[in-house]
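I opened a notebook page for this model and went through it piece by piece. The entries follow the order in which I looked things up.

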Amino acid sequence: MASFRGVDRVNRASGSPGLPSPGAVPFFLFGSLLSRRFARAIAGGELDFLHDRILRVVLQPPGFAFDVTLREGQLRVAAPGGHAGGNRERWDLRITGRARDFLRLATRLEDADTLFFQRRLKMEGDTELGLYLKNFLDAQEEAEQALARFAEDKLRGAVMLLERLENGTRLSRR
Amino acid sequence: MELVCPAGNPPALKSAVDHGAGAVYIGFRDDTNARHFAGLNFTDRQMEEGIRYAHARGVRVFVAINTYPQAAGWPRWQAAVERAAGLGVDALIAADVGVLDYAYERAPDLHRHLSVQGSATSAEAIRFYHRHFDIRRVVLPRVLSLRQLRRVVQDSPVPVEVFGFGSLCVMVEGRCLLSSYVTGQSPNTCGVCSPAAAVRWDETPAGRDSRLNGVLIDRYGPGEHAAYPTLCKGRFEVRGQTGYAIEQPTSLNTLALLPELAEMGVAAIKIEGRQRSPAYVAQVTRVWRAALDACARDPGSFRPRPDWQAVLQSVSEGAQTTFGAYHRSWQ
C-alpha cells in the first residue's frame, strides 16, 4: 500500500489533471464516491471544517491507512502523505480502529463514544476537528440517492449477519 | 412516567421518537444550552422539521436554554427564547432566573421546566420558581437520596422529572466551576465542561494520556476503560497516592428502581446524552421503553431483564453503573 501515491501529487507530477495513476485509482474512486454521497453537505459548507485539514484513518490490523481532505469542493482521498507533498508525518487528526468497528460506525450500528470508552477507537491530534467530524456524520440523514441508500442498507444487513454468524460460531464452540 | 430522551441532531431525534420516547429534548447550535459541542445541535430549520416529525407521532419536544447568560451575551438568550416560542416547542428547559423571567413575560403560554442546572433540591426552592415563573415541571439534580426524593415529590407544587440513565459527573449542577480552573470555560456559562479545542489524547506505549489545556488529567493503561476528558473524572496524585480524587467515571442506571420511582409519583424519567449518536439513542430508548411498559403493567413483579442491563452497560461511560445518590442511605 505504501507505493500508492496521492492523486493530487500524481496529477501535478504527470501534468495530466483528472487522470490518476493506476495505483491511485482506488483512492480516487473512494474520494469521488464520498463527494457524491455528501454533495449537498459540501455545497452547504457543512464540511468546511475539513478544508485543507488532513484526516488520517488507520485500520488495524493490518495498519492500512489513508488520508482524507476537502479541497476545491471535493472530498479527496490519498495514501498517507498524498495531500501533504508526500510528507507522511503530516496529519491534523488521526483515527485508529478495527475495520469492523469503522463499519459499525458507518452503518450506524454503534456509537462513537461507546467505542472510545471501550478503547476500540483512538483519536489523536485536533480533538475539535474530530468532534466536528463525529457530529457531522451523526447528523447525516439517510442517503438521498436510491442506490446509495440501497447500498448502505445492504451493508448494514451484511455487518449484522456476519456478527450473528460469528456469535453463533462462538456459542457453538462453548 | 414519561420517557424523556436526548437528541443532538435530527437522526437522533427520529431514533428517540421511533423507539418509544414520550418527549425529546434538544438545543440550539450555540452556548445557550449545556451541550455546546462542535457541530452538535439543531439549526432552526432542523428543529422545525424535528418538531413536525415528533408531533405527528404524538411525541413532545423540549428545548434546553439552560446555561447562565453573562451580560454581554444576553441578546442570544433572548433570541433563543423567541425562536423556541416561534417554533412551537412544547416546553423550555431553563435555569437562569433572567431567562425564566423573560420567557414568562414574552411567551407565557409556553411551558417552562426548571432545568437540572437550576439545582433546586427542596420543595421550597421549587415553590419559588413556581410562584415567580409558573414552571410546570422541575428536573431534579442528581444529588438526592431516595428518601429525600420522596419528600420533594410529595411536597412539590409541580410534577417532578429525575435522571434515570447516563454519564455522571460531580453533580454540583449549575454551580460547578472545576473546568474553568483549567480551560477558562465552565458548563454553566459556555455550555461545555471540556471544550474540544482544549482536549488532547496521546497514545503512548504506556497507554492513553488525556490532557486538558496541556494538563495531564488521566493516563489509561492498556485495556482500561476510558472516560470523558473532564477534570472531575481525572486521576490525581494526593499525598503520594494516585487515584480518583473527585469522582469516578461511571454511569447512572436506575432501571432497578423504577417501581419505587413510579410509586412515589415521579412524573418523568430523563436519559442523559445529547452528545451521543443516534445509535446510542436508539439502543437506550428501546430498553427504557420496554422497561417502563413492563413496570406499568406489573410493578410488583418488575425486574430489569439481563439483556436490558447488558445493553445499558455496554454504552456506559466507565466500566460500571451505579444508583448514584439515590442509594445514599445516610442522606
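Entry 1, a strand pair in chain B. I began with β7(B) and strand β13 (residues 251-253) of chain B, which pair in the antiparallel sense over three bridges. The model is a predicted one, and I read every entry here with that in mind. Looking for a bridge partner of B:F165 in β13(B), I found B:N253.

Entry 2, the other neighbours of β7(B). I looked up strand β14 (residues 268-271) of chain B, which runs parallel to β7(B) and is joined to β7(B) by four bridges. B:I269 in β14(B) is the residue opposite B:V162. I then checked strand β6 (residues 137-139) of chain B, and the pairing of β6(B) with β7(B) is parallel, over two bridges. Here B:V139 has B:E161 of β7(B) standing opposite. Between β6(B) and β7(B) the chain passes through helix α6 (residues 146-155) of chain B, and I noted this β-α-β crossover as right-handed.

Entry 3, burial of β7(B). Is strand β7 (residues 160-167) of chain B mostly covered or mostly open? I counted eight of its eight residues as buried, so the strand goes down as mostly covered by the cut-off of 20 or more other C-beta atoms within 10 Å.

Entry 4, a separate sheet in chain B. I found an open sheet of three strands in the order β8-β9-β10 (chain B), paired antiparallel. Why does one side of β8 (199-204) and of β10 (215-220) of chain B have no neighbour in the sheet? Both stand at the edges with a single partner strand each, so one side of each is left free of a neighbour. On average, neighbouring strands of this sheet are turned by 20° against each other, direction ignored. I also looked at β8(B) with strand β9 (residues 207-212) of chain B: they run antiparallel and six bridges join them. In this pair B:G207 in β9(B) stands opposite B:T204.

Entry 5, domains of chain B. The assignment splits chain B into domain 1 (2-168 + 250-327) and domain 2 (178-244). I read off 26 Å between the C-alpha centres of domain 1 of chain B and domain 2 of chain B. Their contact draws 15 residues from domain 1 of chain B and 10 residues from domain 2 of chain B. On the side of domain 1 of chain B that touches domain 2 of chain B, I listed five nonpolar, seven polar and three charged residues.

Entry 6, domains of chain A. For chain A the assignment gives domain 1 (7-140) and domain 2 (143-174). Five residues of domain 1 of chain A and seven residues of domain 2 of chain A take part in the contact. The side of domain 1 of chain A that touches domain 2 of chain A holds two nonpolar, one polar and two charged residues.

Entry 7, chain A against chain B. How many residues of each chain are in contact? I have 23 residues of chain A and 27 residues of chain B. On the chain A side, the elements giving two or more residues are α5 (112-117), β5 (121-125) and α6 (127-138) of chain A. The largest share of that side, seven residues, is from α6(A). By class, I entered nine nonpolar, four polar and 10 charged residues for the side of chain A that touches chain B.

Conventions
Residues are numbered from 1 along each chain as its sequence is written. Chains are lettered from A and ligands numbered from 1 in the order in which they are written. This is a predicted model: local features need pLDDT of at least 70, side-chain atom pairs count only at pLDDT 80 or more; totals for chains, interfaces and linings use all residues. Domain bounds come from an automatic or database domain assignment. Two residues are in contact if their C-beta atoms, placed from the backbone, lie within 7 Å. Ala, Val, Leu, Ile, Met, Phe, Trp, Tyr, Cys and Pro count as nonpolar, Asp, Glu, Lys and Arg as charged, and the others, Gly among them, as polar. A residue is buried if 20 or more other C-beta atoms lie within 10 Å of its own, exposed if 12 or fewer, and partly exposed in between; C-beta atoms are placed from the backbone. Two strands pair if DSSP finds at least two bridges between them. A crossover is right-handed if, with the strands pointing away from the viewer, the path from the first strand over the helix to the second runs clockwise. Axes are lines fitted to C-alpha atoms, for helices over the stretch in contact, and angles run from 0 to 180 degrees between N-to-C directions.
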